[in-house]
Amino acid sequence: MTRGAIEVARSRGHQVVAALLVGGIEKLRSEGPPDVGVPVRAPRGPIGPALVGAIRDLAVEIVLDLSDEPVLGYRERMEAVAATLAAGATYRGPDFMFTPPTADPAPVGVPTVAVIGTGKRTGKTAIAGEVARRAAELGLDPVVVAMGRGGPAEPQVVEAGTVTLERLLSVARAGGHAASDYLEDALTTGVTTIGARRAGGGLAGEPYDTNVAEAVALAAARRPGVLVLEGSGAALPPIAWDAGILVVPVTCPLEYLRGYLGPYRLLRTDVAIVTMMNDPALGSEDLSALTSHLRAALGEARYVVTDFSPVPLADVAGRDVFLTTTAPGAVAARHAAYLADAFGCRVVGWSARLADRAGLAEDLDSAPGFEVLLTELKAAAIDVASERAVERGAEVVFVDNRARTVGGETELVPLLSEAIGLAMERSKARGSTG
């Protein structure tokens, strides 16, 4: 039957170069590989590495799946898809086809680190900021390219140190998105950031439309020591990168990593950052399952567990402050207590409805008197929160969420340094062979 299907594939224009035996051997009459008209490979371990090896050895462009349940179950087939896409080939079956996301080459001579995530609100912007700050500490003059659904129609360059409240209010009053990720990156890292936009996102993370390539060209022209690419939601920057960092919240369903096309993202990852350790929705079994899978996929020292702590970007000691955040209520309450204890301010109230404009307006309108609005630069931070604070005569101080290590076998800073180092090594090798 398989031999006949291969003949059909040839009649449809495919040049079949080899077959991979993945199961169903109970129907074979001999112990050796079956005669299907092409060389047969019989992997001894997982199908993914065997597929990648065959694709690279034989310069395969398409993997044709002639398996079925129970030889390959749903999850096993998706693992095969992920491995194929990561190797740059197309995976095709009787009623489906997966093509690898298109990616422009990374700029020659520019080490490129990508920060990608399993979805929205995983902490990618905060981790991209940590990467940029670490690169700056290493003297690498980084540039961040941030892709977002609310990004600009034309790539926008924000020079280091130019993001002010007045500028953000001007953007909002002109009808722009004043809390886009690229503005937050520039504000919190102090490095030059270029904003880009995207629409849509495929199962493997390819945007339907984006201007990231144009943004990367602008960044490369500045000859940075390292380029930091920030993904958007589960969408990936359509640029080849030298080192990948996957951001995973502790509440991420395990199936998002081991099922669907989660394995594809892991295959394009060098290190993983688990975020939001103290999320109230977390159960101990969730973290154990998540870290066990990351350990198996990446290795013991290639992941770290973190939590975020709010850090005001100006001195607020001794002042009455009101906090606005996108964090859930229980987390917001904890952050308010932390700010009071760590920075000596008096938190007179807080709102966890920064992403709910109507609710945020209600909270601010009913807030007691305050001298300072402490707010993340997200959602309605400018057009609602800051506008109301200015009307009340209050100062606006932005808050950055900084990651701190709370678990794992390594620390955050060395892990980020390792990713940057990998990018530099691979970029050098890429340039010498290009």
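Methionine 276 counts as partly exposed because its relative accessibility is 21%, whereas buried would require a value under 20%. In this predicted model, methionine 276 sits in the loop that runs between strand 13 (271-275) and helix 10 (284-298). Its backbone is also of note: phi of methionine 276 is near 60 degrees, a positive value in a residue other than glycine.

Arginine 121 is another non-glycine residue with a positive phi, here about 55 degrees. The loop that holds arginine 121 connects strand 6 (112-117) with helix 4 (124-137).

A further backbone feature concerns a peptide bond. Glutamate 69 and proline 70 are joined in the cis form, with omega at about 10 degrees. Proline 70 belongs to the loop between strand 3 (62-64) and helix 3 (74-86).

From the loops the description turns to the interior. The largest nonpolar core comprises 48 residues. Within this core, Val145, Leu261 and Leu294 have the most contacts. What does valine 145 touch, leaving aside residues up to four places away in sequence? Its partners are Ile194, Ala215, Val216, Ala219, Leu227, Val228, Leu229 and Glu230. Apart from the largest core lies another, made up of 31 residues. Ala146, Ala178, Ala385 and Ala389 are among the members of that other core. Val145 is thus listed in the 48-residue core, while Ala146 is listed in the 31-residue core.

Methods: Residues numbered from 1 in each chain as written. Predicted model: local features only at pLDDT ≥ 70, side-chain atom pairs only at ≥ 80, totals over all residues. Heavy atoms only, no water. Core = buried A, V, L, I, M, F, W, Y, C linked by side-chain atoms within 4.5 Å. Buried < 20%, exposed > 50% of the residue type's maximum accessible area, 1.4 Å probe, protein only. Contact = heavy atoms within 4.5 Å. Helix = DSSP H or I, 4+ residues; strand = E, 2+ residues; numbered from the N terminus.
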